[in-house]
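Please look through the model shown here with an eye to the terms used for its parts. What stands behind each of them?

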Amino acid sequence: MEKYGLLGRKLGHSFSPQIHRLLADYEYRLYEKEPEEVAAFLETTDLDGMNVTIPYKETVMPCCTVLSDTAKKIGSVNTLLRRGDGWEGHNTDYDGFAYLLRQGGFDPKGKKALVLGSGGSSKTARAVLSDLGCRQVVVISRTGADNYQNLERHADARLIINTTPVGMYPRCGEAAVSLGDFPACEGVADIIYNPSKTELLLDAGARGIPCINGLPMLVAQAKKAAELFLHRKIDDGVVPEIVRKIESQTKNIALIGMPGCGKTAVGRTLARLTGRPFVELDALIPEKAGKSIQQIFAEDGEEAFRRIETEILAQESKKSGVILSTGGGVVTRARNLPLLRQNSVILFLNRPIDELPTDGRPLSQSRGVEALAKERLPLYKAWCDRELACGDGVEKTAEQIRALYQL
């Protein structure tokens, strides 16, 4: 069997092996290398070809004996094919980024675009934008004439493209720019795909600006790379289908709802049915605090509890493909919404108020279920992607979720 892989420095976030398994029947593995190891790896590996990701898209170019016209034009290589004793360098990111713009519904013709970052992916984005008739492409980097300290000069930009790793797993929650500085912006593309919604994309969504993450680009460039590996065409229709499958595999299912509505029971059952990991926030809080939830409320107060809850949520919501059961009050902190939205489908389990138990639930006992429901029900409805009635039993609710999201 022919062997292929992905070369990069930090690859724990990569979905590439899953994508290539769906594209073709060949071995595909991850190869993490430090900069000083890259040249020797390329000289000694027995791989038949590989993809290359940050920060090595320019590093590998001197190791190529042949470069495709696109790779020469852009000055960046993300796909290598073995040719005798040497490597042939290609840039399939070009195809991937062009596909991403089409999927996002973005027409660059005659518009001004800002490209955040100046590395190999930035070069590819700039080439595609120029070829599609972009009026002006401005590169924003940490140094140079156009940088993050003089963004006000580009408030008229209509497209914002992020090619930096800012906001990528595991450093979720960061953004290179605030879209409030770009009142003319009408489209945002972020080539990051993990998390599914970076802070930049969440910002765009909150402002009603059309946006798209990098997963369609990743799949489209992988399809082009696989065609080079296999020396044959692959139907374009596989790209959206693989995107859907990867999203289904990697998106978390986050359960919200009133205390006692069944989030834990449904979550455990769904995890058993799907083989996914189960995370219960309320079970992790006592571990971190060194005391029970009742003790935290009694000794430190609700605000201390909420701080711990948010800290744990920030860590757990970064993960991919988990079933996440939240506490009933998670919606009372606005900061928790982007943490959940970055990588999760949010489901509100709605159980009749008169069926909710109060044992072992401090706020349900001290404030009353009705008062909590009046405060929280509007928030559950506003935060969720879907509301599910869960009065028909745990197993049935879990099965319904599995069917809805093809888990």
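The questions and answers below concern a predicted model and the reasons for some of the terms applied to it.

Q: Why is helix 1 called oblique to helix 7?
A: The axes of helix 1 (residues 16-23) and helix 7 (residues 215-230) come within 10 Å and cross at roughly 50 degrees. Because that angle is neither under 35 degrees nor over 145, and does not fall in the span from 65 to 115, helix 1 is oblique to helix 7. The crossing is right-handed.

Q: What makes up the contact of helix 1 with helix 7, by class?
A: From helix 1, the residues S16, I19, H20 and L23 take part, and they meet L215, L218, V219, A222, K223, A226 and F229 of helix 7. By class, this contact has 8 nonpolar, 2 polar and 1 charged residues.

Q: How do you know that G5 is buried or exposed?
A: G5, which lies in strand 1 (residues 3-8), has a relative accessibility of 0%, and since buried means under 20%, G5 counts as buried. Beyond its neighbours within four places in sequence, G5 is in contact with Y28, R29, Y31, L47, G49, M50 and N51.

Q: Why is the aromatic pair of F297 and F305 called tilted?
A: The search of the whole structure finds 7 aromatic pairs. In the pair of F297 and F305, the rings are 4.9 Å apart centre to centre, with 35 degrees between the planes. The centres therefore lie within the 6.5 Å required of a pair, and the angle is neither under 30 degrees, as for stacked, nor over 60, as for edge-to-face, which leaves tilted. Both F297 and F305 are buried.

Key. Residues are numbered from 1 along each chain as its sequence is written. This is a predicted model: local features need pLDDT of at least 70, side-chain atom pairs count only at pLDDT 80 or more; totals for chains, interfaces and linings use all residues. Side-chain values use heavy atoms; hydrogens and water are left out. Axes are lines fitted to C-alpha atoms, for helices over the stretch in contact, and angles run from 0 to 180 degrees between N-to-C directions. Helices (H or I, at least four residues) and strands (E, at least two) are DSSP runs, numbered from the N terminus. A crossing is left-handed if the near helix is turned anticlockwise from the far one by less than a right angle, and right-handed if clockwise. Contact means heavy atoms within 4.5 Å. Ala, Val, Leu, Ile, Met, Phe, Trp, Tyr, Cys and Pro count as nonpolar, Asp, Glu, Lys and Arg as charged, and the others, Gly among them, as polar. Rings of Phe, Tyr and Trp (its six-membered ring) pair if their centres lie within 6.5 Å; planes under 30 degrees apart count as stacked, over 60 as edge-to-face and the rest as tilted. Buried means under 20% relative accessible area, exposed over 50%, partly exposed in between (1.4 Å probe, protein chains only).
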